[in-house]
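Student: I have a new structure open and I'd like to learn how to read it. Could you walk me through it?

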Amino acid sequence: RFGTMMSLWARVALVLSAATTVGSFSAEAPAAKAKAWFPVRPADALPTDYDSVVRGAFVRHVVVETEEMADLGLQTYLKGGSDSGVEKSPDPFGELARDLSACEKSREERGKVGWVDNPSYHRASGDGGGVLNEAVVGLLPADVISDIFASRPKGGDVLKLSSAKTGLYHLVRVDDIQIDYQQDSSSMSKRPQTQDGSSFFNQATGTNKVITSRAKLKGSGVLPVSPKISLDGSTSDDAAKTYHIATTGCQMNVADSERLAGVLENNLKLEAADALSNADVVVLNTCTIREHAAQKVYDALGPVAARKRRGDRVAIVVAGCVAQQEGEKLLRRVPEVDLVMGPQYTGRIGDLLEGVSRGHQIVATDPSLITEDLSRPVRDHATRAW
């Protein structure tokens, strides 16, 4: 038994010795170059330059005199507001601005600055008319504004910035960003790259395209017509008044459908219809998780496409993951469809439907920064997990 124990210890010693040797060898061997699987920052996933698509941002700020105060304010914000420990604030940044900011003009409005133009966007687009950011120049110094967009923020980001002109520190919260729809763009051949020049793996691709000239529909020989989309709740005969969303798939799709409904009801003043057959705007929010998901979408489009062929003034929208996957192919197979949009354009459905109301077919599947959700989603249940 003693000999067996000695034999076991000898084996352990041998294994530890081998592990040490392997570890030493591994430490000296050149490390394999890590490959990026996905962009760390959403802006890195854009197929085009950030400054060519981001027109501006809606920002709030907290102004303090020292960097230590800025760090303390940032820590308080990240904790959810006050250090009282009693209850988290629903608007921790607004509370922080009210309690800490040295800016009297914005303090009572919870740090509100408002919409700020991206100087680099306007220089690149040649839009030199007027003075940029004239309305906010008394709140945010020009160097802080430049630093905001140099950091390529998305909605919800909080930045700690300092001004060389005033010597003050600004905690800036980007509530939302204003993005241009990039017409006739495609990321299929433009692979975003990491800083070392290598391409990202598993990078989403897509296409943005506006088709302005539509052919007559087969069988009926009629030109497709769509209802007018109005932001003022127009009651004219050719204006859209109702919508219906058919949702398939995962819970994320249910959440997206609630956001779509928020835009359609709150922004476009449409009312929910109880069925696809009597809605002016029909949205199929699709999912690729289910088996034969794409074919099921094509089957579901049949009755709605028939309405279009009869000459009904209806807008047909395919949204979600199948739309992202199929893209322009969906229009070729079902030419009655007016709009194909990926999940990243959920908050932009109002803008895209405006183009549809002018008789265009639109594809929106190119990668884009997702703006902060200000659509006031329409919940269909009192309790949700998102």
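Here is a conversation that goes through the model feature by feature.

Tutor: Happy to. Keep in mind from the start that this is a predicted model.

Student: Okay. How many helices and strands does the protein have?

Tutor: The protein has 11 helices and 12 strands. There are 386 residues, and 43% of them are buried. Contacts can also be sorted by how far apart the partners sit in the sequence. Taking contacts between residues at least 6 apart, 68% join residues at least 24 apart.

Student: Let's try a sheet. What is the strand order in the open sheet of 4 strands?

Tutor: The general idea comes first: strands of a sheet pair through backbone hydrogen bonds, either parallel or antiparallel. In this open sheet the order is E2-E1-E4-E3, and the pairing is antiparallel. At the edges you find E2 (112–117) and E3 (158–162), each of which pairs on one side only. On average, neighbouring strands here are turned by 35 degrees against each other, if you ignore direction.

Student: Can I zoom in on one pair? Over how many bridges do E1 and E2 pair?

Tutor: E1, residues 54–64, and E2 pair over 5 bridges, in the antiparallel sense. To find one of these on screen, go to Val59, whose bridge partner in E2 is Gly114.

Student: Which strands does helix H2 lie across?

Tutor: H2 (residues 67–78) lies across E1, E3 and E4, the last being residues 169–179. Its direction is at about 50 degrees to E4. Then look for H6, residues 142–150, which lies across E1, E2, E3 and E4. The angle between H6 and E3 is about 140 degrees.

Student: Now a parallel example, please. Over how many bridges do E9 and E10 pair?

Tutor: E9 and E10 pair over 6 bridges, in the parallel sense. One bridge joins Asn285 to Ala319 in E10.

Student: And is E10 largely enclosed or open?

Tutor: Count its buried residues: in E10 that is 6 of the 6, so the strand is largely enclosed by the rest of the structure.

Student: What about helices that pack together? How do I describe those?

Tutor: Two packed helices are described by the angle between their axes and the distance between the axes. Try H7 (residues 251–267) with H11 (residues 349–356): their axes come within 9 Å and cross at roughly 60 degrees. The two helices are therefore oblique to each other.

Student: Which residues of H7 and H11 meet?

Tutor: From H7 come Leu260, Val263 and Leu264, and they meet Ile349, Gly350 and Leu353 of H11. Sorted by class, this contact has 5 nonpolar residues, 1 polar and no charged ones.

Student: Which residues touch the most other members of the largest nonpolar core?

Tutor: That core has 25 residues, and the ones touching the most other members are Leu264, Val281, Val283, Leu339, Met341, Ile349 and Leu353. Two or more residues each come from E7 (242–247), H7, E9 (281–286), E10 (315–320), E11 (339–341), H11 and E12 (361–364). Leu264 is a handy residue to click on. Setting aside its neighbours within four places in sequence, Leu264 is in contact with Tyr243, Ile245, Lys269, Leu270, Val283, Ile349 and Leu353.

Student: Let's look at backbone angles. Which loop holds Arg110?

Tutor: Arg110 lies in the loop between H4 (104–107) and E2. Its phi is positive, about 55 degrees, although Arg110 is not a glycine. Arg152 also has a positive phi, near 50 degrees, and is likewise a residue other than glycine. You'll find Arg152 in the loop between H6 and E3.

Student: How accessible are Arg110 and Arg152?

Tutor: Arg110 counts as partly exposed at 34% relative accessibility. Arg152 is partly exposed too, with a relative accessible area of 29%.

Student: Is Asp237 buried or exposed?

Tutor: Asp237 counts as exposed, because its relative accessibility is 82% and the cut-off for exposed is over 50%. Asp237 sits in the loop between E6 (207–211) and E7. In space, C-alpha to C-alpha, Asp237 is 8.9 Å from Pro227, and the two are 10 residues apart in sequence.

Student: One last stop: where is Ser120?

Tutor: Ser120 is in H5, residues 119–125, and is partly exposed, with a relative accessible area of 25%. The C-alpha atoms of Ser120 and Ser52 are separated by 8.1 Å, with the two residues 68 apart along the chain.

Terms used: Residues numbered from 1 in each chain as written. Predicted model: local features only at pLDDT ≥ 70, side-chain atom pairs only at ≥ 80, totals over all residues. Heavy atoms only, no water. Axes fitted to C-alpha atoms, helices over the stretch in contact; angles between N-to-C directions. Parallel < 35°, antiparallel > 145°, perpendicular 65-115°, else oblique. Contact = heavy atoms within 4.5 Å. Nonpolar A, V, L, I, M, F, W, Y, C, P; charged D, E, K, R; others polar. Buried < 20%, exposed > 50% of the residue type's maximum accessible area, 1.4 Å probe, protein only. Pairing = 2+ DSSP bridges. Core = buried A, V, L, I, M, F, W, Y, C linked by side-chain atoms within 4.5 Å.
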